[in-house]
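Please look through the sequence and the model shown here, and then read the short report that follows.

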Amino acid sequence: MTASPEIVIVGAGAIGCATAYYLARQGAKVLVMDREAIGAGASFHATGLFSPWRASSNPALNHLFDTSLRLSQELLPRLKEETGVDTFYQVAQGLRVALRAEQVEEGKALAAAPGLAGAKLAYLDGEEARRLEPRLSPRVLGALWCDRFGQVDSYRHTLALAQAAERSGAQFQARQVTGLERRAGKLTGLRTTTGVIPCERAVLAMGAWSAEARDRLIEHALSIIPSLEAAQVVGQFAGPRPQSQDGLPIMRPAPTLSGVYLNTGHGHSGILLAAASGRHVAEMVIQGSPSLLKAEPYLPMRFVAKQQ
Ligand SMILES: Cc1cc2nc3c(=O)[nH]c(=O)nc-3n(C[C@H](O)[C@H](O)[C@H](O)COP(=O)(O)OP(=O)(O)OC[C@H]3O[C@@H](n4cnc5c(N)ncnc54)[C@H](O)[C@@H]3O)c2cc1C
């Protein structure tokens with residue numbers, strides 16, 4: 001990229017790449033910088049599940065999930081067509097099993113509410129669930145069933161978003177951002193380990209870091225399907241889930257520095273939420289006011305209000 005980029009995105013995970021994709025499609029000159037590589041953070045490790053039931057009791061979060069599921073259903077086939085990258089997207093019936101009484105109640109409550117993006121939900125008792133999946137342990141008390149449960153390979157999905165963004169003119173560089181340059185309350189550039197990149201608008205989509213304990217996951221899997229005991233672990237991935245305090249992502253302009261936008265805090269659902277979050281923040285950067293979602297629920301000011 002010879003001239004200065006119009007917009008720099010820091011972080012080439014699913015969220016940064018989706019934001020780049022929607023910005024570049026609107027004609028913006030976008031540069032994405034990652035200190036490692038495309039999909040090197042949480043977006044490499046994610047299971048890539050697209051669960052179609054209510055995410056929480058928070059209506060804004062459910063609306064975001066619903067919007068992103070609908071958007072992803074049209075985006076995923078298009079990405080494959082545009083880039084040739086197979087994201088291994090598949091949709092099948094799904095079961096969320098209950099091993100404890102409270103999980104039974106949770107499953108029944110989820111089944112009683114409408115499924116997201118038009119999915120059908122039902123609660124099955126243990127026998128009904130075992131008829132559908134005979135390998136389930138007798139310990140399984142019941143299961144929430146859905147008619148369409150999506151899954152992608154999250155790394156390939158991130159790569160497909162990046163390649164589609166590139167096809168619309170976005171550029172990618174391996175660089176670590178170390179700070180922001182400012183003048184009179186406005187962004188003027190990004191400091192990197194190899195110099196300053198002048199720019200007036202930037203989206204920070206840098207994720208976060210945490211870990212997952214392998215033994216707990218294996219123990220849990222065995223309690224659901226005992227025959228897995230004979231299975232061999234062929235690989236193990238662990239990684240970060242950037243999570244905000246209340247589970248809602250933070251998608252907004254930074255309050256004290258004009259030109260900086262945040263797109264982070266997507267917790268355990270950033271792959272599913274990438275489509276809506278990327279488009280929402282791209283609209284915010286280009287148009288000022290987004291049209292896909294309301295801005296207010298995702299502002300970090302909600303944390304301040306709760307503490308007062
Ligand atoms: C084990 C596991 C299972 C999961 N399962 C699912 C699932 O089934 N469904 C689902 O939707 N989600 C799932 N998630 C959550 C999902 O992985 C995350 O929400 C999502 O990947 C977050 O994307 P991101 O782009 O915000 O962050 P990341 O993918 O972490 O990307 C951030 C990027 O920023 C870069 N970066 C950081 N600092 C700098 C810097 N200073 N300069 C330049 N670059 C920088 C990093 O190198 C990284 O590439 C799972 C997560 C884990 C760990």
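## A three-stranded sheet

In this predicted model, an open sheet is built from 3 strands, which lie in the order β8-β9-β10 and pair in an antiparallel manner. The edges of the sheet are taken by β8 (177-183) and β10 (195-198), and because each of these has a single partner strand, one side of each is left without a neighbour in the sheet. From one strand to the next, the twist averages 30°.

The pairing of β8 with β9 (residues 186-192) is antiparallel and is made by 6 bridges. Within this part of the sheet, Arg183 stands opposite Lys186, a residue of β9.

## Around the ligand

There are 38 residues around the ligand, and those that come nearest are Gly11, Gly13, Gly41, Gly207 and Gly270. Two or more residues of this shell are given by each of the elements α1 (14-25), β2 (30-34), α2 (42-45) and α8 (270-287).

When the residues of the shell around the ligand are divided by character, 16 are nonpolar, 17 are polar and 5 are charged.

## How far to trust the model

Over the protein chain, pLDDT averages 87, and 83% of the residues score at least 70. Residues 234-242, however, have a pLDDT that stays under 50, although the model gives this stretch 27 contacts beyond four places in sequence. Where pLDDT is low, the predicted coordinates should not be read in detail.

Methods:
Residues numbered from 1 in each chain as written. Predicted model: local features only at pLDDT ≥ 70, side-chain atom pairs only at ≥ 80, totals over all residues. pLDDT = per-residue confidence, 0-100. Contact = placed C-beta atoms within 7 Å. Near = placed C-beta within 6 Å. Helix = DSSP H or I, 4+ residues; strand = E, 2+ residues; numbered from the N terminus. Nonpolar A, V, L, I, M, F, W, Y, C, P; charged D, E, K, R; others polar. Pairing = 2+ DSSP bridges. Axes fitted to C-alpha atoms, helices over the stretch in contact; angles between N-to-C directions.
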